[in-house]
Amino acid sequence: MIKLQIERMFDMNNLMFHSKQLPVLMVLLGFSLFANAEDFTDVNFIVRFANLASYYAGDDGQAKVRMTIVDKNGKKQRRQFNMVRKDVNEGGDQNFLIKFTKPADVRDTVFMVAKHIGKDDDRWLYLPSIDLVKRIAAGDKRTSFIGSHFFYEDVSGRGLDEDEHKLIDTTDKEYIVENTPKQPESVEFASYKLWIDKVTFIPNKIEYYNKVGKLYRSVETVKLENIQGFQTVVRSKISDIQTGGYTLMEFKGVKYNAGVPADIFTERSLRNPPRKWLGK
Amino acid sequence: MRKGIISFSLRYPEFVFAAVFAITLFLVWQIPKIKVDTDPENMLSEQQEDRVLHNQIKKRFNLSDSIVVGLVNEGKDGVFNPDSLSLLRHLTSRIISIKSVVAPDVMSVSTVDNITQEGEGVIRFQWMMQTPPTGLEQAQQIKQAVLNLPLLKNTLVSEDGKATAIYVPLTDKHESHRVATEIKQIIADLKPAPDDKLYITGLPVAEDTFGVEMFTQMSISAPLAGLVIFILMWFFFRSVTLISAPMIMAVVTVVCTMGVLIGLGYTVHIMSSMIPIFLMPIAVLDSVHILSEFSDRYRDGDDPSQVVEEVMSHLFTPMLYTSLTSAVGFASLAFTPIPPVKVFGIFVAGGILLAFFLTITFIPAFIVSLSQRRLKVLADAAASAEGSNVGLAKLLPRIGFGVINIPKTIVLLVAAICVISIFGITRIQINDNPVRWFKQQHEIRIADKVLNKHFAGTYNAFLVLNNESNDEVYDDFLLAADQIVEKAKPAVDISQDWGNLKHNLSGKSALEQLEEMTAIVDDLIFESEEPEEKVWQQILDRAEDTYKVVKYFQLPESIKLLEDLQSTLMQSGLVGKTNSFADLVKTVYRELKGGKPMNYQIPDSSAAVAQTVLSFQSSHRPNDLWHMVTPDYGSAAIWIQLKSGDNVDMDAVIKSVDDYLKNNPLPKGVKLEWGGLTYINVIWQGEMVNGMVMSLLGSFIIVLLMMMMLFRSIKFGLLAMIPLSVTITFIYGVIGLVGKNYDMPVAVLSSLTLGLSVDFAIHYIQRMRDINANTNDWNETIGKLYAEPARAISRNAIVIAVGFTPLLLAPLVPYITVGFFLASIMAISSVVTLFILPAIVVIFRNKILATMSLAETDVDEAASQLVDFQESDNDKTSDREDV
């Protein structure tokens with residue numbers, strides 16, 4: 001019963017659905033599990049819902065983010081930035097503004113990303129010490145996110161249509177989904193697996209396999225917090241198994257639905273980032 | 001003791017055979033555990049300073065030893081045509097999947113990033129070649145793109161576009177032969193067009209391939225040496241029975257020595273792989289003496305045991321001395337600081353002593369076990385074999401009499417040769433290069449040549465700069481922070497927290513402390529309230545200012561330092577290319593500023609550098625950065641690509657940097673280090689040269705003392721050292737004059753010469769003293785001396801020299817060198833002995849002969865045995881001549 005209700009709420013033909021319903025959905029989902037209801041079997045539903053839960057909480061969001069990049073020798077580098085996000089449409093395009101606060105030598109460097117589904121993102125960069133605004137055309141989204149082990153795609157989400165999804169197992173706690181790229185040439189992995197939590201729909205773990213089937217990269221959700229009713233990953237760790245390095249990403253001061261205006265995502269904001277949203 | 005051993009062997013031959021068999025079997029069983037080691041790095045001990053540093057550098061910059069695969073197309077469009085690039089792409093993607101390949105670091109046109117301008121204010125980062133080009137035009141665009149990036153030009157793609165490379169870093173360089181073999185298989189699978197030529201090289205491949213070929217050499221050359229010695233001995237003695245015992249003994253000696261070496265866990269290095277071929281001829285010699293004397297003395301009906309005891313009582317001491325001197329010569333290699341050479345020297349020495357022990361146990365046991373019939377055959381065969389020495393029998397006396405007629409001329413001639421040789425020695429070029437261990441036509445040599453023609457160089461060295469002034473800077477920071485804390489009092493008192501923080505961080509490096517402090521203080525600011533927050537913020541600001549200075553290689557003036565060193569390196573004329581953080585920063589900065597060549601420069605502030613780097617880090621390969629600079633910016637490496645792996649060239653490069661630094665000293669606190677295999681080779685070679693001088697001096701003195709002891713005379717002791725000294729001088733003089741590089745095998749030869757060629761002098765002098773004591777007539781002495789004794793010396797020289805010749809057929813150059821020089825050394829030292837000793841004796845006749853007769857009166861046991869030994873030789877000869 002409940003399962004049907006949820007699937008109905010989720011418009012299968014349209015990625016968009018009202019995120020304000022998300023907390024409601026979560027409650028229903030929790031209830032459905034409590035009631036020992038049937039598992040979901042439609043893989044498309046599972047991955048879409050996981051995508052929404054992971055990347056589209058609220059209409060907008062803001063956070064302080066710290067990245068600790070550790071190489072195989074244990075050498076650490078820290079990066080800290082303030083981030084603000086606004087969804088253009090739910091499950092679809094999104095805009096991001098990122099302003100660095102640490103280390104001092106990259107302070108006030110600003111990134112702006114316009115995430116597009118089905119085509120290349122637009123990225124802008126402002127480098128204060130060179131006083132330079134640059135638009136960056138990137139060939140793909142699987143490039144390092146500011147030197148960390150995360151890719152842009154890990155931070156902003158991978159287009160669901162780019163992979164074939166297959167539900168390979170359902171355990172007590174998780175849905176295990178295997179994903180294979182529709183265009184294998186365009187990515188460095190051969191497949192990846194998601195361990196999607198049945199309650200939160202946040203992947204607990206993601207593992208990437210290379211062309212010989214070897215695991216070479218993994219993402220773990222280390223800590224989850226309920227913020228304003230949204231399950232939020234506040235600490236995640238990505239490990240580069242090949243090189244032995246990893247990056248830890250931590251979120252602080254997360255706020256959703258703060259009313260971020262759409263008009264701050266302009267080239268002007270690169271040189272003059274809105275203090276209200278990105279701090280001084 | 002001696003008597004005990006021999007008579008025991010004679011009484012219980014079965015026991016001797018069983019023991020030898022059992023021990024041999026046990027040691028044979030060890031051999032399959034063999035571990036081959038061809039790593040030139042192991043020429044230095046693991047604790048050696050430069051090696052430790054080299055490995056630290058590799059770790060610090062995540063550097064791996066690499067195989068280089070070259071794709072060359074000499075056609076009009078070079079490799080930049082759709083077919084070749086498609087091949088390259090397939091090859092690369094399959095190489096990435098090979099086990100032990102560091103996949104993220106594989107460098108190929110299809111795995112690197114491109115930065116291009118795309119209209120006003122737009123810069124594009126993308127794969128250089130994600131999909132194979134569809135047409136020629138697109139292929140040529142890729143060429144332009146690669147050549148536009150200084151870090152890749154002439155490293156990844158040759159300037160003429162005819163060649164491109166794939167750099168294949170390995171997790172473990174000992175896997176390189178397997179990886180190279182897999183790559184060859186992939187290439188065969190991909191069926192390249194005839195125009196696309198593929199080459200595989202790189203030092204790890206050379207080393208590993210060497211290891212594999214070493215087995216070939218051991219399984220071919222050593223048995224071949226055995227065969228040659230067998231044939232040669234058959235020629236001299238004409239009895240299979242007689243020579244089979246020494247042959248068995250030689251095999252047992254070789255197998256046991258190698259068995260012990262492997263069983264004890266030593267790796268078989270290029271040096272130790274030569275042990276069999278060294279032991280084989282040496283092991284044979286003494287037993288031949290015994291057998292030939294036995295066959296002379298034995299007459300039908302004699303008790304073989306008694307004859308053996310007689311023979312042994314004569315031969316024991318001279319055999320002991322010749323074995324000891326040879327062993328000392330080899331054991332002196334233990335003075336070198338090169339572990340594989342040490343192992344080689346000690347085990348050959350041990351093998352020689354083992355051979356001696358077997359000579360006094362196994363050979364007697366062998367003889368008494370022979371049937372009467374066989375013993376008779378043996379005696380007859382030995383007698384009939386003399387005919388084969390006719391040539392020598394005619395030639396040698398002529399030499400003897402010729403020399404004593406013109407002794408001064410001979411001495412002057414030898415002196416002149418020595419003078420010229422010493423001049424030659426001064427011109428010796430110390431040089432080695434593992435790639436040159438292969439013959440000219442070997443595929444590795446060809447690949448090496450082709451790839452170095454097209455690219456900047458396949459030999460790597462690293463010049464590293466370290467900033468070590470951080471502790472001082474950090475202390476200044478702490479002082480300033482303390483003041484901030486004090487000044488805030490009493491309104492705000494964070495002194496306790498601050499004190500704890502300092503305490504908890506102490507003991508770590510300045511940089512780590514600063515990094516952690518920044519993070520912790522940052523958290524404190526996050527958590528604390530207004531007034532404290534402000535104080536912490538002040539400390540944080542101060543920490544960040546300090547951090548900027550500590551991030552030394554992010555400062556423009558430090559990057560300039562790298563730039564200057566790079567141009568110095570290029571000016572040496574021996575460096576194909578250098579790559580450093582400076583090149584990376586300048587390239588990215590140029591592209592950020594619009595791509596014009598004029599913007600190829602270092603940004604003007606540390607922050608501008610940081611932001612330039614941050615832009616680069618949003619690429620597919622952000623980690624490439626850490627091969628050039630450490631994440632803390634405290635250490636930067638210049639990758640030097642050399643076209644030649646010759647140590648002389650590397651040495652010259654080091655010297656050019658040293659010269660530059662004399663006039664342009666590094667800033668205070670900055671230290672320079674070298675690393676890379678090409679550099680390591682220079683180091684171990686230097687150690688080897690010094691080590692060899694020590695080892696040569698050491699063994700010279702020991703052998704000299706032994707000679708003085710043996711002859712109970714300082715004069716004769718010195719005389720005995722003359723032939724080998726002349727030989728060593730001559731050999732190295734020739735090496736210097738003909739321009740042959742003084743490399744590892746050549747270096748080892750000196751001690752070997754010493755140990756082996758002193759034997760000739762021992763025999764010669766002892767015999768001379770003895771004959772002269774009897775004849776008291778110089779002419780008669782010479783006549784007798786140049787009959788059998790000279791013949792014995794020549795015969796031994798020939799056996800050893802020819803025994804080494806199978807090395808000339810070896811597939812690897814060091815073996816050929818050793819084979820050639822050892823054969824020459826044996827020949828030369830026997831000739832020198834036969835020429836120079838009589839000449840000197842004639843000139844100083846009065847003094848020396850006086851001593852001789854004096855010495856004769858108080859001849860000790862050892863000397864008398866030597867005399868007997870020689871006498872018996874003489875008897876034998878006359879017997880034979882009678883037949």
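User: Before we look at where the chains meet, when do two residues count as in contact?
Analyst: Happy to start there! In this predicted model, each residue is represented by its C-beta atom, placed from the backbone. Two residues are in contact if those atoms lie within 7 Å.

User: How many residues does each chain bring to the contact?
Analyst: Both chains take part, so let's go through them in turn, using that contact rule. Chain A supplies 34 residues, and chain B supplies 41 residues.

User: Which element gives the largest share of the side of chain A that touches chain B?
Analyst: Three strands of chain A each supply at least two residues there: β2 (76-87), β5 (122-127) and β6 (132-138). The largest share is 7 residues, and it comes from β6(A).

User: In which sense do β6(A) and strand β4 of chain B pair?
Analyst: Strand β4 of chain B covers residues 122-127. One of the bridge partnerships joins A:Arg135 to B:Val122 in β4(B). Over 4 bridges, the sense of the pairing is parallel.

User: Turning to the interior, which helix contributes the largest share of the largest nonpolar core?
Analyst: This core has 305 residues, and B:Met280, B:Phe462, B:Phe581, B:Val585 and B:Ile765 touch the most other members. The largest share of the core is 17 residues, from residues 339-369 of chain B, which form helix α11.

User: Leaving aside neighbours within four places in sequence, which residues is B:Met280 in contact with?
Analyst: B:Met280 is among the core residues that touch the most other members. With those sequence neighbours set aside, its contacts are B:Ala222, B:Ala225, B:Gly226, B:Ile229, B:Ala250, B:Val254 and B:Gly803.

How values were computed. Residues are numbered from 1 along each chain as its sequence is written. Chains are lettered from A and ligands numbered from 1 in the order in which they are written. This is a predicted model: local features need pLDDT of at least 70, side-chain atom pairs count only at pLDDT 80 or more; totals for chains, interfaces and linings use all residues. A nonpolar core is a set of buried Ala, Val, Leu, Ile, Met, Phe, Trp, Tyr and Cys residues joined through C-beta atoms within 7 Å. A residue is buried if 20 or more other C-beta atoms lie within 10 Å of its own, exposed if 12 or fewer, and partly exposed in between; C-beta atoms are placed from the backbone. Two strands pair if DSSP finds at least two bridges between them.
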